[in-house]
Amino acid sequence: MQIIVFLLVFGVIVTIHEFGHFYFAKRSGILVREFAIGMGPKIFATKKNGTTYTIRALPVGGYVRLAGYGDDVEPLKAGQLISIVLNQDNIVTCINTCAKTRLDKAVPFEVRQADLEKEMLLIGRLAGQDTDSTFSVSKEATYIEENGTEIQVAPLEKQFEQASIFRRILVNFGGPLNNFILGILLFILVGFMNGGIPHLLNKVNVMENTPAYQAGIRTGDSITQVDHQETKNGAELYQRLSEAKKTQTQVELIVEKENHEMVTYTVPFQNNVIGVTFQQEKDASVTSILAYGFTRTWEIATGIWSTLAGFFKTGFDIQQFGGPVAIAQASGQATQGGIMSVLMFMAAISVNLGVMNLLPIPALDGGKIVLNILELLRGKPISKEKETMITLVFAGLLVLLMVAVTFNDIQRWFFK
């Protein structure tokens with residue numbers, strides 16, 4: 001069950017992430033050749049509006065293929081043997097490079113020259129002919145790759161690099177944006193399922209033989225001030241006490257008793273605590289639940305950024321990272337807590353993925369956005385060779401980091 005939950009959570013989050021890229025690419029007029037759920041061998045495919053939708057055997061994420069982006073399609077080479085389908089006007093409507101795929105009305109063809117971007121021409125020799133022929137290629141023609149996946153050809157105007165910089169930034173930002181939206185919606189869903197949002201109160205529970213109890217504070221009392229600073233709720237009370245214990249050995253509290261009498265106490269810290277816990281109540285209002293989706297997502301995102309920023313002061317700490325093993329372990333723990341625990345876990349991981357993908361590192365969405373901005377400032381793009389080299393270097397470093405994190409997870413979870 002743990003593995004199933006892990007694969008489901010990870011699969012949904014990555015699919016939603018990729019759908020963000022897909023949506024903005026479609027809106028920008030960029031051809032999305034393929035939207036894949038899963039990785040590895042294809043087990044199902046269907047084609048609609050120029051995009052091939054596939055389900056692949058390994059349920060570990062997914063991807064989108066944008067025309068003209070990266071190593072999009074292996075180009076046809078001179079001397080390559082393929083088959084083509086011609087319509088009644090002798091225009092190519094399908095190019096088949098897969099030896100295992102057989103098409104009705106397809107004829108063998110030996111490629112001499114191919115331009116599937118600008119001129120949309122295919123030059124070569126049909127089977128049984130002694131001379132070369134030139135054929136126009138339809139802008140809606142399909143292209144069957146060597147692995148059997150059928151995609152659509154992409155004229156230059158439909159390719160990623162031809163879109164405006166603003167549209168390319170939106171496409172790159174779309175994935176992380178969807179992760180944040182998913183986190184917000186899941187937190188809102190949990191709020192409704194839970195019947196409201198728990199809020200910490202400044203009304204406390206007090207255990208016996210603690211500094212607070214010995215000073216005279218009792219369960220049901222409300223701490224309204226800490227060192228002359230007002231505390232309207234449990235969150236403010238927690239913050240004031242946390243700040244005080246860093247520099248003080250005791251704290252002055254103004255307490256409202258259950259009979260509404262106001263009493264001042266001086267309470268010492270013992271092992272950095274005074275011995276109170278905060279009571280809570282649920283706010284079931286729709287506005288509170290909706291706000292919770294945004295505030296909780298913001299808290300997680302800013303917390304991750306704070307942790308990452310802290311590395312510049314304290315140095316890199318691999319213990320702060322978790323890889324697939326840690327996520328799988330955490331998903332198992334979430335499973336034991338029931339459906340709401342799983343939804344909370346999925347929301348947190350989705351926000352985490354959104355933040356990490358926005359890091360300004362080439363090979364991540366944030367790095368691609370940085371390159372887009374540099375192009376805007378320079379007035380011209382970085383050369384393909386330099387961009388590819390930079391991306392490969394950082395991709396390699398990310399792989400090494402993932403290996404190190406995974407090894408650390410294994411050591412931490414299985415050999416501790």
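# Briefing: a predicted chain and its salt bridges

Let's start with one residue: Arg56 has a relative accessibility of 8%, so it counts as buried. Keep in mind that everything here comes from a predicted model. The protein chain has 416 residues, and 41% of them count as buried. Below is a quick tour, from the overall build to a few individual residues.

**The big picture**

- The protein chain holds nine helices along with 14 strands.
- About 23100 Å² of the protein chain is exposed, and carbon and sulfur atoms supply 59% of that area.
- Take the contacts in the protein chain with a separation of 6 or more: 62% of them are between residues 24 or more positions apart.
- For a concrete pair, look at Ala291 and Gly191, which are 100 residues apart in sequence but have C-alpha atoms 10.0 Å apart in space.
- Ala291 itself sits in helix H5, which covers residues 286–314, and it is partly exposed at 36% relative accessible area.

**Salt bridges: back to Arg56**

- How many salt bridges does the structure hold? There are 13 salt bridges in the structure.
- One of them joins Arg56 to Glu34, with their closest N and O atoms 2.8 Å apart. This pair links distant parts of the chain, as Glu34 is in strand E1 and Arg56 is in strand E2, 22 residues apart.
- Is Glu34 buried or exposed? Glu34 is buried, because its relative accessible area is 0%, under the 20% cut-off.
- Glu34 and Arg56 also belong to a network of salt bridges that takes in Arg65 and Glu145.

**Two more salt bridges**

- Asp132 and Arg112 bring their side chains together in a salt bridge, at 3.6 Å from N to O. Here too, distant parts of the chain are linked: Asp132 is in the loop between strand E6 (121–126) and strand E7 (133–144), Arg112 is in strand E5 (residues 106–115), and the two are 20 residues apart.
- Asp132 counts as partly exposed at 37% relative accessibility, and Arg112 is partly exposed as well, with a relative accessible area of 32%.
- Lys158 and Glu140 also meet through their side chains in a salt bridge, this time at 3.5 Å from N to O. Lys158 comes from the loop between strand E8 (150–152) and helix H2 (165–193), while Glu140 is in strand E7, so the pair ties together parts that are 18 residues apart in sequence.
- Lys158 has a relative accessible area of 23%, so it is partly exposed.

**Thr51, a buried threonine**

- Thr51 is part of strand E2, which spans residues 51–66.
- With 0% relative accessibility, Thr51 counts as buried.
- A polar atom of the Thr51 side chain lies 2.7 Å from the backbone oxygen of Val32.
- What else is in contact with Thr51, apart from its neighbours within four places in sequence? The list is Phe22, Lys26, Val32, Arg33, Glu34, Phe35 and Thr46. You've met Glu34 already: it's the salt-bridge partner of Arg56.

**Gln80, a residue in a loop**

- Where is Gln80? You'll find Gln80 in the loop between E2 and strand E3 (81–86).
- Gln80 is buried, because its relative accessible area of 18% is under the 20% cut-off.
- The Gln80 side chain has a polar atom 3.0 Å from the backbone nitrogen of Lys77.
- Leaving out residues up to four places away in sequence, Gln80 touches Pro75, Thr97, Phe109, Glu110, Val111 and Glu146.

**A nonpolar patch on the surface**

- Which residues form a nonpolar patch on the surface? They are Phe10, Met39, Leu58 and Val60, and together they have about 310 Å² of accessible area.
- Met39 lies in strand E1, residues 32–48, the strand that also holds Glu34.
- Met39 is partly exposed at 32% relative accessible area, which means it clears the cut-off of over 30% used for patches.

**Cysteines**

- How many disulfides does the structure hold? The count is zero.
- Cys94 is buried, with 7% relative accessible area. Cys98 is buried too, with a relative accessible area of 7%.

Notes
Residues numbered from 1 in each chain as written. Predicted model: local features only at pLDDT ≥ 70, side-chain atom pairs only at ≥ 80, totals over all residues. Heavy atoms only, no water. Patch = residues over 30% accessible without salt bridge, like charges linked within 9 Å, V, L, I, M, F, W, Y side chains within 5 Å. Areas by Shrake-Rupley, 256 points an atom, 1.4 Å probe, with all protein chains shown as cover. Salt bridge = Lys/Arg side-chain N within 4 Å of Asp/Glu carboxyl O. Helix = DSSP H or I, 4+ residues; strand = E, 2+ residues; numbered from the N terminus. Buried < 20%, exposed > 50% of the residue type's maximum accessible area, 1.4 Å probe, protein only. Disulfide = S-S within 2.5 Å. Polar contact = N/O pair within 3.5 Å; in protein donor to acceptor, adjacent residues only side chain to side chain. Contact = heavy atoms within 4.5 Å.
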